[in-house]
Amino acid sequence: MPHLFDELELRDTTLRNRIAVSPMCQYSCDDMDGLATDWHKVHLGSRATGGAGLIISEATAVEPRGRISPQDLGIWSAEHADALADTTAFIKKHGAVPAIQLAHAGRKASTYRPGDRDDRTTVADEDGWTPVGPTEEPYPYEQPLDTHKLTTEEVEEVVESFREGAEHALDAGFEAAEVHAAHGYLLHEFYSPLTNTRDDKYGGDFEGRTRLVREVTRAVREVWPDDKPVFVRLSATDWMGDENWTVEDTARLAPLLAADGADMLDISGGANHPDQEIPHTGPHYQVPYAETVREALDDTDCTVGAVGAINTAEGADALVRNERADLVLQARQSLYDPNFPLHAAEELGVEPPVPRQYYRGF
Ligand SMILES: Cc1cc2nc3c(=O)[nH]c(=O)nc-3n(C[C@H](O)[C@H](O)[C@H](O)COP(=O)(O)O)c2cc1C
């Protein structure tokens, strides 16, 4: 029976345990240039000393207009890679595996960061830009920006931006790359019939709509070394009824992404439309989706990560033991307690991976 503190092998990369820090935007690039700052090193680094097995960076944009907010991280040049190199080195020195979330915000780009305004309004002044999407339909913010519909050639260029972003990420020292295809951002906007009504090769039926996420996954896989893993984060459902993207669609897509080279599918949900109806948001609310996807991957080597209010040691361990997921990801709990893995190990009677500098506290 696997245990939360068992290692997990993903290609030739070994996670020391099954706890991952879920990607979390920090909105902390001081000069709105996408370059990592001390904040990113301290934030991600302290989660490595906190004992997690896998640390995934925030949504890191593969091109400037793919940032959600002007202060988001980017990975569109060698300079961006250099700015992250210290962070990945620190994470590895402390026994965790650094992963980058390669992202494009699509039509949800150019918004103020949380806390700058009372609600999530779009940036229409000189710090903002025109978002892009599968159609001209903007995300229905209170003050939506005009949205540019990507041409077929421009969609192909997006694939190349992800490929180049992955190359820079590798230079930055990341061991794993996660394609962000969830939460209503560009790749999700393309695979969901709610947001994709195109009639070119990137639209139409299931095959057309999922073409972009599959091409991006393959492009990243092509440049990512064979011994290192690639992940894809999906929204399992739009939470917008049976006519839109559903968990059945995700279960159909999962083995295709495994064939494209994904080693872990990180199963999240929703955020493609403000009218979504989430059935419940209590503990482990998205785990049933991860479980469904895991069943769909039975004939593959691809693993599954579960995320969403997985906040206790016992609960996380039970998910792994009962083989409902291969690993768990935590976001808000990790903000609350960066040392959660150390505390969880103690609670579960396992030797916590305490850094020697901190022995006296344990
Ligand atoms: C501050 C914050 C920032 C987030 N930024 C991202 C992000 O950059 N990429 C992403 O895929 N999800 C992002 N999320 C979603 C989390 O990764 C996670 O899926 C979600 O919060 C549910 O997990 P939790 O219940 O453990 O918080 C963010 C969540 C929080 C709280």
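Let me start with the second largest pocket and who lines it: two nonpolar residues, two polar and eight charged. Keep in mind that this is a predicted model. The space in this pocket comes to about 190 Å³. If you want to find the lining in the viewer, go to E291, R294, E295, L297, D298, T300, D301, C302, T303, E323, R324 and D326. Which element gives the most to that lining? Helix α8, residues 287-296, with three residues.

Now the largest pocket. Its volume is about 880 Å³. There are 36 residues in its lining, and the ones closest to the centre are P23, H183, R233, S268 and A331. Two elements give two or more residues each to this lining, namely β12, residues 327-330, and α10, residues 332-336. Of the elements, α10 gives the most, with three residues. How does the lining divide by class? Here we have 19 nonpolar residues, 13 polar and four charged. Put that beside the second largest pocket, where eight residues of the lining are charged and two are nonpolar.

Next, the fold. What kind of sheet is this? The strands form a closed barrel, eight of them, paired in parallel. Going round, the order is β3, β4, β5, β8, β9, β10, β11, β12. From one strand to the next, the twist averages 25 degrees. On the outside of the discussion so far is helix α7, residues 247-260, which packs on the sheet and touches β9, residues 230-235, and β10. The direction of α7 makes about 170 degrees with that of β9.

Let me take one pair of strands as an example. Strand β10 covers residues 264-268 and strand β11 covers residues 303-307. The two run parallel, and four bridges join them. Within this pair, L265 stands opposite V304 in β11. Some of these residues have come up already: S268, at the end of the β10 range, is among those closest to the centre of the largest pocket. T303, where the β11 range begins, is one of the residues lining the second largest pocket.

Last, the cavities. How many cavities of 30 Å³ or more does a search of the whole structure find? The search finds two.

The largest cavity holds about 40 Å³ of space. Its lining is I19, A20, V21, A52, Q330, S334, D337, P338, F340 and P341. Strand β3, residues 19-21, and helix α11, residues 340-347, each supply at least two of these residues. The most comes from β3, with three residues, and β3 is also one of the barrel strands. By class, seven residues of this lining are nonpolar, two are polar and one is charged.

The second largest cavity also has a volume given as about 40 Å³. Around it you will find A59, T60, A61, G66, R67, I68, D72, A103, H104, A105 and Y185. Strand β4, residues 54-61, supplies the largest share, three residues. That strand, β4, belongs to the barrel too. The classes here are six nonpolar, three polar and two charged.

To go back over the main points: the barrel is closed and has eight strands, the largest pocket is about 880 Å³, and the second largest pocket is about 190 Å³.

Notes
Residues are numbered from 1 along each chain as its sequence is written. This is a predicted model: local features need pLDDT of at least 70, side-chain atom pairs count only at pLDDT 80 or more; totals for chains, interfaces and linings use all residues. Side-chain values use heavy atoms; hydrogens and water are left out. Two strands pair if DSSP finds at least two bridges between them. Axes are lines fitted to C-alpha atoms, for helices over the stretch in contact, and angles run from 0 to 180 degrees between N-to-C directions. Contact means heavy atoms within 4.5 Å. On a 1 Å grid over the protein atoms alone, a cavity is a set of points where a 1.4 Å probe fits but cannot get out, and a pocket is an open set with protein on both sides within 12 Å along at least five of seven lines; lining residues have an atom within 4 Å of a point. Grid points are joined across faces, edges and corners, and a volume is the space filled by probe spheres set on the points. Ala, Val, Leu, Ile, Met, Phe, Trp, Tyr, Cys and Pro count as nonpolar, Asp, Glu, Lys and Arg as charged, and the others, Gly among them, as polar.
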